[in-house]
Amino acid sequence: MDDKYHILKKYFGYSGFREGQEVLIDSILSGRDVLGIMPTGAGKSICYQVPALLLPGITLVVSPLISLMKDQVQALNQAGIHAAYINSSLSESQISKALRLAAAGQYKIIYVAPERLETYEFLQFARLAKISMLTVDEAHCISQWGQDFRPSYLKIVQFIHSLDRRPVVSAFTATATEKVKEDMICVLGLFDPTVLVTGFDRKNLYFAVETPKKKDSYVTQYVLDHKDESGIIYCATRKNVDAVCAHLLAQGIAATKYHAGLDAGARRQNQEDFIYDVRPVMVATNAFGMGIDKSNVRYVIHYNMPQSLENYYQEAGRAGRDGERAKCILLYSAQDIAVNRFFIENKEPNPDHTWEEIEQIREQDEQRLLSMQYYCLTTGCLREYILRYFGEFGTGRCENCRNCALEYEETDITQAAIKITACIRECRQRYGINVTAGILAGETRAKLREYGVSRYESYGSLKELRETEIKAMIQQMLVEGLLCVTNDRYALLKVQPAADDVIQGRRQVILKKPKTAAQSTEKGRSSQSSKLRRSDILNSKGLDLFERLRALRTEIAKEEGMPPYIIFSDKTLVDMCVKAPLDKSDMMQVTGVGENKYSRYGERFLAVILAYTGGMREKYYFGESPALAGKK
């Protein structure tokens, strides 16, 4: 067996590589730099961990968060791979000891914070050690155009230049626009890298935008309806985090919270309660989550709209890391725009940036906010909208988002669009959506009288419509690029050149509105190609066996002081139920069971399966028979 396949099976328990993994691994082993842009859950870590075990020296992994390092190192050690992390959570004596052991060849993989690369002790270690590869995880942090820019990442290339021998450099991230991709290649100084973009689509995720009148009631009901599942609820402010968490706790829900206003000890304890499923619901600001490798998060709810699609997709992507179905729900309200614009206007500028760069970044932030707003307003496929934003094109309908699941009635609003355009031009593009809609509806409120808008020919030209209907039409024109708004707090409406096609009869404007509940029921929410839920795979006996295996996993996790998913993922437990292994040979065919995992836990899980099955092979699943089920 080829060495890389042997490593994959022995330590990680997989019999084959996923899309793109082998290309990157082979490039690294041939001494070539790589850049991998792969969606969350696609197995980025395998791409550098497998070659790290085959290369002769040490692999350094630069990682932005302590929690990420801890999770990764725990998982590697569980798999039988000697790894360590070096960051501020360790004492100086612990760091010195770790470096001594590393220099003596104790560790093959060492995770470090980017700031650590600048310290004298670490530089001395690096110059003497044989470093075969330097891996940059969450590499988008190196770009000022990315959503998580970290100035310390800019020092990585200086560290590489300080080494006597340049190692192979590999970089990985989940999402990146074209500009961020260019930055990663240039700023890290990648030499003729193999660049692999496997796509941004997470087919197992269901996307929805909801506009509930009472967000608290919506969130509470959703969590109660999914009380056996783990989820994250993101809020824009600390105040909202505190309020939502308190509301859930009052309903008897085992929730916890995370934001920068909590002291470090509370944040650490709350995070561990979430990871260990003591409190399976986390309410947090966006300070929480990057690098959290909790695989069984079944939903992510955004209580407020994020500032950008980059932020949203990264945060939503923390659901379903195990590849099983999960839901990403965004609760939208117009107030979210004002809150995010306040954050943008009060953003602390980087002192190293010129005034022109600061203005350019601010304008880009405003444009990102508009793209995020249009995501919330579109009636088209939500997945398609996200993919197009990142430069990828889908089929136009995914059949696994709320917009694809709803039935719509279409209204031709071309004539109304012409009147809206005429009004904006007549007013010399000086007003925002509210005033423009008021003019068209012929409203007489004080502010409009003060502006003297009744003198315009367009005043009352759409008086047969309510203001809310006119605003919906304006929003549709914004989404279609017929109009735009200025990138400032005034958000003035401006006519785009594309509007002339409408005026001259070359283009129609169609407004899609969801049919009422009396007219339509929501269609099936997921396509046949989506991953199946546990209850779709396992029959009643299989689900019973799964719960027994999960209870054993929790027991072992408590004994060893580590998250349950590091013992075995839910996906591995489901595969155990499907294959019902009765001996070691069978168990080694289960996805995610490697040699070290079997030696540590295999016999205990086999004992539960044997006790439940009585050594008899029954069918614990729906559908076609897997390879082991027919084994006599």
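**Two sheets, two cores and a loop**

Let me start with glutamine 429, which sits in the loop between H17 and H18. This is a predicted model, so please hear everything that follows in that light. Glutamine 429 is not a glycine, yet its phi is positive, about 55 degrees. Its relative accessibility is 24%, so glutamine 429 counts as partly exposed.

Arginine 428 is also placed in the loop between H17 and helix H18 (433–441). Its phi is near 55 degrees, again positive in a residue other than glycine. Arginine 428 is exposed, with a relative accessible area of 61%.

Step back into the helix. Glutamate 426 belongs to helix H17, which covers residues 414–426. With a relative accessible area of 29%, glutamate 426 is partly exposed. What does glutamate 426 touch, once residues up to four places away in sequence are set aside? Tyr456, Glu457 and Ser458. Take the pair of glutamate 426 and glutamate 457: they are 31 residues apart along the chain, and their C-alpha atoms are separated by 8.1 Å.

Now the cysteines. How many disulfides does the structure hold? Zero. Look at cysteine 423. The closest cysteine sulfur is in cysteine 427, at 4.2 Å from the sulfur of cysteine 423, too far for a bond. The cut-off here is 2.5 Å. Cysteine 423 is buried, at a relative accessible area of 0%. Cysteine 577 counts as buried too, with 0% relative accessibility.

On to the first sheet on my list. Seven strands make an open sheet, in the order E3-E4-E2-E5-E6-E1-E7, with parallel pairing. Which strands stand at the edges? They are strand E3 (83–86) and E7, and each pairs on one side only. From one strand to the next, the twist averages 15 degrees. Inside the sheet, E1 and E6 run parallel and are joined by four bridges. Leucine 35 stands opposite alanine 171 in E6. Helix H8, residues 178–187, packs on this sheet and touches E1, E6 and E7. The direction of H8 makes about 155 degrees with that of E1.

Helix H2 belongs in this part of the talk. In H2, residues 21–29, the buried residues are Gln21, Leu24, Ile25, Ser27 and Ile28. They cover an arc of only 160 degrees around the axis, so they lie on the same side of H2. As a reminder, an α-helix has 3.6 residues a turn, so residues three or four places apart point the same way. What do the buried residues of H2 pack against? Two helices and four strands of this list: helix H1 (3–12), helix H3 (44–54), strand E1 (34–37), strand E5 (131–136), strand E6 (168–173) and strand E7 (194–197). After H2 comes glycine 31, with a positive phi near 90 degrees.

Next, the other sheet. Six strands form an open sheet, ordered E8-E13-E12-E9-E11-E10, and the pairing is parallel. Strand E8 (205–210) and strand E10 (255–258) are at the edges. Each has a single partner strand, so one side of each is left without a neighbour in the sheet. Neighbouring strands are turned by 15 degrees against each other on average, direction ignored.

Is edge strand E8 buried or exposed? Six of its six residues are buried, so E8 is largely enclosed by the rest of the structure. Both faces are covered. One side carries Leu205, Phe207 and Val209; the other carries Tyr206, Ala208 and Glu210. E8 pairs with E13 in the parallel sense, over six bridges. There, alanine 208 stands opposite isoleucine 329.

E13, residues 326–331, also runs parallel to strand E12, residues 297–302, and four bridges join them. Histidine 302 has leucine 330 in E13 as its bridge partner. At the E10 end, helix H10, residues 238–250, lies across strand E9 (230–234), E10 and strand E11 (281–284). H10 runs at about 170 degrees to E10.

Last, the cores. The largest nonpolar core has 76 residues, and Phe122, Phe207 and Tyr375 have the most contacts inside it. Leaving aside neighbours within four places in sequence, tyrosine 375 contacts Phe207, Val209, Leu309, Tyr312, Leu330, Leu382, Tyr385 and Ile386. A second, separate core has 36 residues, including Ala416, Met473, Leu478 and Leu482.

Definitions and conventions
Residues are numbered from 1 along each chain as its sequence is written. This is a predicted model: local features need pLDDT of at least 70, side-chain atom pairs count only at pLDDT 80 or more; totals for chains, interfaces and linings use all residues. Side-chain values use heavy atoms; hydrogens and water are left out. Buried means under 20% relative accessible area, exposed over 50%, partly exposed in between (1.4 Å probe, protein chains only). A nonpolar core is a set of buried Ala, Val, Leu, Ile, Met, Phe, Trp, Tyr and Cys residues joined through side-chain atoms within 4.5 Å. Contact means heavy atoms within 4.5 Å. Two strands pair if DSSP finds at least two bridges between them. Axes are lines fitted to C-alpha atoms, for helices over the stretch in contact, and angles run from 0 to 180 degrees between N-to-C directions. The arc is that of the directions from the helix axis to the C-beta atoms.
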